[in-house]
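This briefing introduces a structure to a reader who has not met it before. Please look over the sequence and the three-dimensional view before turning to the points below.

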Amino acid sequence: MFKVTQGRVIGFLNAAGYVFFFTLRKNLISKISLICEIILKRPPLFLILPLLLLLLLLDTAHGIRLTNVKHLFDIKHNFSEPSDVSVSKEGIIYVVDGVNNKIKAFNQKGKFIFSFGKKGPLKGQFKFPMGIDIDDSGRVYIADSGNRRVQVFNSTGSFISQIRVPPKDDNPADPTDVAVNEAGNRLYVVDNDNHYILAYDLSTLEQIKTFGMPGIEKREFRYPFLAALDKEKYLYITDVINTRVQVFNPDGLFVMVIGGWGVEKGKFFRPKGVAVDKLNRLFVSDSYMGVIQVFLSSGDFYSVLGDPEKGAVKKFIKPMGIYIDDNNRLYVVEMFAEKVSVYSIEGDTGRNVKDEEVKQEDDRGQAVSE
């Protein structure tokens, strides 16, 4: 394998002798095909060099739809590799500050209010927490990964209860996210290292079922990471190494796969965060590519987030957890920038948008039984 980077072009030579090129300059999705991917069989050097020069010129997003976002403010508070964010019905913004082993709370203007937690194994303490969700009553659920548990707090950070996530086949649990379905009385826990999902009774916190196993087929995972629920309580889970998002109905039955490996539109390199807006569109962050893509509830690619001032694809610094609140504000955890950036979701530009393309009805198709 060879690599030509400098933030601009990467090339790969595989075992079969094929060369793959794609641009990483400014916009990761460029020129008609979004990212120019060229496949040649053992090309001579005189062909490779002009192609590299061509790819360096591809730095604008032509021929694709951009869903523009307007920057409102950034939240910074001595974070150390923050990983996830959620917002309560009262408008309190909670940020998982993992390396600092804290949960920090901010108001709607990004002003710090309070924090809770410190490093340790006791109740109310954390060891590298990763994921968060909040129910309608304001209870805060934290995936306390290093302590192999989920902790539940009230809105001000007082400890309520915990779930000890069990090992699987003698492998310790690694909970990285939680998703709360109050209507269905379910709490879903993502176990990253064991490649499966656990479902709990929300009232009793007793385990009900699990689904998933290591693999590449439907209902199989390779390092599932973050999760989100839509308005119909369908569950979306980023399946990181399989470079896709898997969708399940409220009963845990497989519905469909979104994405797959690639650098063109609708594909992923390292999908991490998921969120659903009021139109039931799915937003997916790609931590390696630095972009956020938008999909319809059918799973079809819709757009890429854009910067209206530049008329280009909006770039983020290792985006991880994302959240969309009731006011259509988007919160993006930029892990390596050590901040949460906050945006309003604006209109679309680029390719003409047809009204019927943004479907609000359920068009995901039928679930598949186990």
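Which residues point one way from strand 18, and which the other way? Leu 235, Ile 237 and Asp 239 point one way from the strand, Tyr 236 and Thr 238 point the other way, and all are buried. The model is a predicted one. The points below take up strand 18 and its partners, then a four-stranded sheet, and lastly the largest pocket.

**Strand 18 and its partners**

- Strand 18 comprises residues 235-239 and is mostly covered, with five of its five residues buried.
- Strand 17, residues 224-229, pairs with strand 18 in the antiparallel sense over four bridges. Within this pairing, Asp 239 in strand 18 is the bridge partner of Pro 224.
- The two strands, 17 and 18, form a hairpin with five residues between them. In the turn, Lys 233 has a positive phi of about 65°.
- Strand 18 is also joined to strand 19, residues 244-248, by five bridges, and these two strands run antiparallel. Here Val 247 in strand 19 is the bridge partner of Tyr 236.
- Strand 18 and strand 19 likewise belong to a hairpin, with four residues between the strands. Thr 243 takes a positive phi near 50° in this hairpin.

**The sheet of strands 9 to 12**

- Four strands make up an open sheet in the order 9-10-11-12, and their pairing is antiparallel.
- Strand 9 (131-134) and strand 12 (159-164) stand at the edges; each has a single partner strand, so one side of each is left without a neighbour in the sheet.
- On average, neighbouring strands of this sheet are turned by 20° against each other, direction ignored.
- The partnership of strand 9 with strand 10, residues 140-144, is antiparallel and runs over four bridges. Ile 142 in strand 10 is the bridge partner of Ile 132.

**The largest pocket**

- The largest pocket holds about 880 Å³ of space.
- Its lining consists of 40 residues, of which Lys 89, Asp 133, Leu 229, Tyr 323 and Ile 324 lie nearest the centre of the pocket.
- Strand 9 and strand 17 are among the elements that give two or more residues to this lining. The other elements that do so are strand 5 (84-87), strand 13 (175-181), strand 21 (271-276) and strand 26 (319-324).
- By residue class, the lining of the largest pocket divides into 17 nonpolar, eight polar and 15 charged residues.

Terms used
Residues are numbered from 1 along each chain as its sequence is written. This is a predicted model: local features need pLDDT of at least 70, side-chain atom pairs count only at pLDDT 80 or more; totals for chains, interfaces and linings use all residues. Side-chain values use heavy atoms; hydrogens and water are left out. Two strands pair if DSSP finds at least two bridges between them. Axes are lines fitted to C-alpha atoms, for helices over the stretch in contact, and angles run from 0 to 180 degrees between N-to-C directions. Buried means under 20% relative accessible area, exposed over 50%, partly exposed in between (1.4 Å probe, protein chains only). On a 1 Å grid over the protein atoms alone, a cavity is a set of points where a 1.4 Å probe fits but cannot get out, and a pocket is an open set with protein on both sides within 12 Å along at least five of seven lines; lining residues have an atom within 4 Å of a point. Grid points are joined across faces, edges and corners, and a volume is the space filled by probe spheres set on the points. Ala, Val, Leu, Ile, Met, Phe, Trp, Tyr, Cys and Pro count as nonpolar, Asp, Glu, Lys and Arg as charged, and the others, Gly among them, as polar.
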